[in-house]
Amino acid sequence: MVFETVGVVGLGTMGAGIAEVFARAGIRVVGVEADQEALDRGLGHLEASTGRALEKGRLSAGEREEILSRVTLTTSRDDLRDADLVVEAIPEVMEYKVALFTDLDRICKPSAVLATNTSSLQVTALAAATGRPGRVVGMHFFNPAPVMGLVEVVGTVVTEPGVVTSVSDLAVRLGKTPVAVGDRAGFVVNRLLLPYLNHAVTLLDHGVAARDDIDNAMRLGVGLPMGPFSLLDLIGLDTSYEIMGVLFEESRSERHAPSPLLRSYVAAGWLGRKSGRGFYGEPASESTPEKAAASTVRVEGSQELAATLAAAGFKDSAEPDVVLRVGEAALEERAVQVRVTGKVAELSGSVLTSRQAVLCARDLLRVAGYTPVPCRRFVIDALLYAHLNDAVHMYSSGYASIADIDAAMRLGCGYPQGPFELMESIGLAKVRDGLRALYAEHLAPSFAPAPLLDQLVTAGLDAFPRA
């Protein structure tokens with residue numbers, strides 16, 4: 001297939017970015033919006049994005065002018081009649097998309113491919129609304145489209161042979177990495193990312209840890225580019241809630257049930273950055289943070305942590321202000337269980353641990369150079385291991401390859417390592433045993449180790465099979 005002219009319907013931030021990506025690759029683009037006001041906003045998005053690239057030295061003035069000259073803007077869908085490919089980027093409402101695809105099917109030439117940029121809706125339903133179901137695919141770009149390197153190319157059970165391959169080849173021409181998958185809710189990235197984000201909201205709702213502490217644990221402890229609440233605010237809480245709803249409708253899994261707290265925030269109009277308030281942006285609290293002083297400490301289970309605290313000036317004592325236990329339960333009033341991951345120190349007390357001991361542990365570890373994360377149970381284990389387990393289930397189901405899943409999460413979410421790369425760096429046995437401990441505590445299916453993970457560990461292997 002030859003794609004010389006591409007139409008883009010919907011020129012919001014996402015659609016304008018997609019139009020820019022095609023124009024940068026030397027492809028003629030016809031951009032369509034509902035009215036002149038929306039069209040002007042779309043042009044503004046294009047000019048602003050290419051203007052920033054010019055200021056940063058990523059484009060010359062001549063290159064920017066060439067890119068903009070390749071984009072024709074119109075309010076008439078009939079101008080798409082000669083397009084070889086049309087990508088829709090309108091709001092995530094199935095009724096709107098079905099109506100659009102029905103109209104595009106009438107307007108576009110029979111050989112044209114129709115693509116949806118949906119992040120979670122069923123592509124098959126859109127294909128069925130046309131007289132060319134074999135030439136309808138998903139082409140899911142990530143925001144900002146000119147920067148993010150991933151495109152999920154989604155085929156359906158009725159997609160004609162060769163269409164997914166041709167669209168994937170086009171993505172390579174655009175300078176993107178395509179991941180070709182089938183039509184399941186959320187595809188690869190959102191099917192893995194959103195349950196993890198939703199799980200973080202559940203931990204917050206249950207009082208396991210505070211918002212900033214959860215974000216710090218995943219950003220500084222795991223190395224993710226953003227904490228879950230910062231990312232939710234960026235994505236939009238309404239968008240995240242809708243995607244979780246689509247996932248739950250398909251799977252009926254408890255793992256995909258939207259958090260009641262997320263639902264409440266959306267109902268209140270707290271949608272994240274787009275509304276000025278989400279998990280962040282609320283009025284600052286005037287309360288004075290609790291503090292506690294500790295001059296003596298006993299560390300059990302880690303000579304390294306003991307040496308670090310000694311170097312910071314804290315004295316060892318037989319009757320210390322606080323006892324830090326690394327790897328052991330904290331079953332006394334002054335004892336706090338500690339888990340160090342990088343420069344993050346998670347602190348968890350038992351029902352016997354005093355509030356004073358937790359505060360002492362938090363403050364002395366901060367002085368010693370760690371980022372303390374007070375929590376009722378360890379946050380990183382609960383969030384990360386379930387997230388990685390989802391990736392194993394996805395691979396085991398045959399939906400996507402290990403290489404594609406790793407590439408999707410690195411390029412689509414900015415992860416420093418893909419899920420399988422991360423599991424292998426942690427150690428498969430450690431991840432499996434961590435999941436077993438979580439399952440024994442909660443009896444939640446999402447914590448039961450995926451059979452493949454369990455089998456690999458039982459066989460003494462510490463890497464996943466790769467073709």
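This report walks through the annotated domains, the two largest pockets and a handful of individual residues.

## Ground rules

We're looking at a predicted model, so local features need pLDDT of at least 70 and side-chain atom pairs count only at pLDDT 80 or more, while totals for chains, interfaces and linings use all residues. Residues are numbered from 1 along each chain as its sequence is written, and side-chain values use heavy atoms, with hydrogens and water left out.

## What the UniProt record marks out

The unreviewed UniProt entry lists residues 5-183 as "domain: 3-hydroxyacyl-CoA dehydrogenase NAD binding". It also lists "domain: 3-hydroxyacyl-CoA dehydrogenase C-terminal" at residues 186-280 and 378-460. UniProt positions are in the numbering used here, feature names are shortened, and annotations may be inferred rather than shown by experiment.

On secondary structure, helices (H or I, at least four residues) and strands (E, at least two) are DSSP runs, numbered from the N terminus. Residues 5-183 come out at 40% helix and 21% strand, with the end C-alpha atoms 26 Å apart. Residues 186-280 have 62% helix and 0% strand, and their end C-alpha atoms lie 25 Å apart. For residues 378-460 it's 73% helix and 0% strand, with 27 Å between the end C-alpha atoms.

## The largest pocket

First, the pocket recipe: on a 1 Å grid over the protein atoms alone, a pocket is an open set of points where a 1.4 Å probe fits, with protein on both sides within 12 Å along at least five of seven lines; lining residues have an atom within 4 Å of a point. Grid points are joined across faces, edges and corners, and a volume is the space filled by probe spheres set on the points.

The largest pocket holds about 1,400 Å³ of space. Its lining has 50 residues, and the closest to the centre are M14, N117, N143, I235 and T239. Elements that each supply at least two lining residues are α1 (13-24), α4 (94-107), β6 (136-141), α7 (189-205), α9 (228-235), α10 (237-251) and α15 (402-413). By class, you get 27 nonpolar, 14 polar and 9 charged residues. Here Ala, Val, Leu, Ile, Met, Phe, Trp, Tyr, Cys and Pro count as nonpolar, Asp, Glu, Lys and Arg as charged, and the others, Gly among them, as polar.

## The second largest pocket

Next is the second largest pocket, at about 720 Å³. Of its 29 lining residues, S253, E254, R255, H256 and S446 are the closest to the centre. Two elements, α7 and α14 (379-396), give two or more residues to this lining. The biggest contributor is α7, with 8 residues. The class split here is 10 nonpolar, 12 polar and 7 charged.

## R64 and E20

R64 sits in helix α3 (residues 61-69). Leaving out residues up to four places away in sequence, R64 touches E47, T50, G51, L54 and L59, where contact means heavy atoms within 4.5 Å. The R64 side chain also makes a polar contact with the side chain of T50, at 3.0 Å. A polar contact is a pair of N or O atoms within 3.5 Å; within protein, one must be able to donate a hydrogen and the other to accept it, and residues adjacent in sequence count only if both atoms are side-chain atoms.

E20 belongs to helix α1. With a relative accessible area of 1%, E20 is buried; the cut-offs are under 20% for buried, over 50% for exposed and partly exposed in between (1.4 Å probe, protein chains only). Beyond its neighbours within four places in sequence, E20 contacts L46, S49, T50, I67 and P146.

## Loop residues

T156 is in the loop between β7 (150-154) and α6 (163-173), and counts as buried at 13% relative accessibility. Outside its neighbours within four places, T156 is in contact with V123, T124, V136 and D183. P144 is in the loop between β6 and β7, and the peptide bond from N143 to P144 is cis, with omega near 0 degrees.

Two backbone angles are worth a look. R252, in the loop between α10 and α11 (260-267), has a positive phi near 55 degrees despite not being glycine, and is exposed at 56% relative accessible area. L443, in the loop between α17 (428-442) and α18 (451-458), isn't a glycine either and has a positive phi of about 55 degrees. At 59% relative accessibility, L443 counts as exposed.
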